[in-house]
Amino acid sequence: QVQVAESGGGLVQAGGSLRLSCAASGSISSTNLMRWYRQAPGKQREFVAGISSSGSTNYADSVKGRFTISRDNAKNTVYLLMNSLKPEDTAVYYCNVWAPVGPVSVSEYWGQGTQVTVSS
């Protein structure tokens, strides 16, 4: 059993900052790719940022220069530092984790999401 738990969401004014955390635990010893997605009301879930096990990162154009993704491999934890937040960043943020489940297989896991609300 693998659990993925996000934390750190909340209400913030435009221009403010938040840091999200996501920890993967349970029957895993390591994690591969870790990503953040978000879903605003009435919209499809969209990619926000991703980080490989070696630390390579990529971002959606809408958050480049404002958001920073990082990870702690020892803790199987990924972070998302969000600066200069805008009302359009309001969404439920989901953590997505890929982890090995054997010598040749990997599985994908999702967290339950954490709400981020940016007021204007």
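Biologist: What makes you say that arginine 45 lies over the face of tryptophan 110?

Modeller: In this predicted model, arginine 45 is placed at 4.8 Å from the ring centre of tryptophan 110, and the cut-off for a charge over a ring is within 6 Å of that centre. Arginine 45 also lies over the face of tyrosine 94, where the distance to the ring centre is 3.7 Å, again set against the limit of 6 Å.

Biologist: Why is tryptophan 110 described with the words it has, buried, exposed or partly exposed?

Modeller: Tryptophan 110 has a relative accessible area of 34%, and since buried requires under 20% and exposed over 50%, tryptophan 110 is called partly exposed.

Biologist: How many aromatic pairs are found in the whole structure, and what makes the pair of tyrosine 37 and phenylalanine 47 edge-to-face, not stacked?

Modeller: The search of the whole structure gives 2 aromatic pairs. For tyrosine 37 and phenylalanine 47 the ring centres are 5.8 Å apart and the planes stand at 80°; centres must lie within 6.5 Å, and planes over 60 degrees apart count as edge-to-face, so the pair earns that name. Because tyrosine 37 belongs to strand S4 and phenylalanine 47 to strand S5, the pair ties together parts that are 10 residues apart in sequence.

Biologist: Why is the pair of tyrosine 37 and tryptophan 110 called tilted?

Modeller: Here the centres are 5.1 Å apart and the planes meet at 55°, and because stacked needs under 30 degrees and edge-to-face over 60, the pair is tilted. This pair links distant parts of the chain, with tyrosine 37 in strand S4 and tryptophan 110 in strand S10 (residues 106–110), 73 residues apart. Tyr37, Phe47 and Trp110 form one aromatic cluster.

Biologist: How do you know that strands S4 and S5 pair?

Modeller: Strand S4 (residues 34–39) and strand S5 (residues 46–51) are joined in the antiparallel sense over 5 bridges, whereas at least two are needed for pairing. The two strands form a hairpin with 6 residues between them, and glycine 42 in the turn has a positive phi of about 75°. S4 is also joined by 6 bridges to strand S9 (residues 91–100), and these run antiparallel. Arginine 35 stands opposite glycine 50 in S5 and opposite asparagine 96 in S9.

Biologist: What makes the contact between arginine 38 and glutamate 46 a salt bridge?

Modeller: The closest N and O atoms of arginine 38 and glutamate 46 are 2.6 Å apart, which is to be set against the limit of 4 Å. Arginine 38 forms a further salt bridge with aspartate 89, at 2.9 Å between the closest N and O atoms. That pair brings together arginine 38 in strand S4 and aspartate 89 in the loop between S8 and S9, 51 residues apart. Arg38, Glu46, Arg66 and Asp89 are linked in a network of salt bridges.

Biologist: Are arginine 38 and glutamate 46 buried, exposed or partly exposed, and why?

Modeller: Arginine 38 has a relative accessible area of 6%, and since buried means under 20%, arginine 38 is buried. Glutamate 46, at 36% relative accessibility, counts as partly exposed, because partly exposed covers what is between 20% and 50%.

Note on methods
Residues numbered from 1 in each chain as written. Predicted model: local features only at pLDDT ≥ 70, side-chain atom pairs only at ≥ 80, totals over all residues. Heavy atoms only, no water. Helix = DSSP H or I, 4+ residues; strand = E, 2+ residues; numbered from the N terminus. Salt bridge = Lys/Arg side-chain N within 4 Å of Asp/Glu carboxyl O. Buried < 20%, exposed > 50% of the residue type's maximum accessible area, 1.4 Å probe, protein only. Phe/Tyr/Trp six-rings, centres within 6.5 Å; stacked < 30°, edge-to-face > 60°. Lys NZ or Arg CZ within 6 Å of the ring centre and 35° of its normal.
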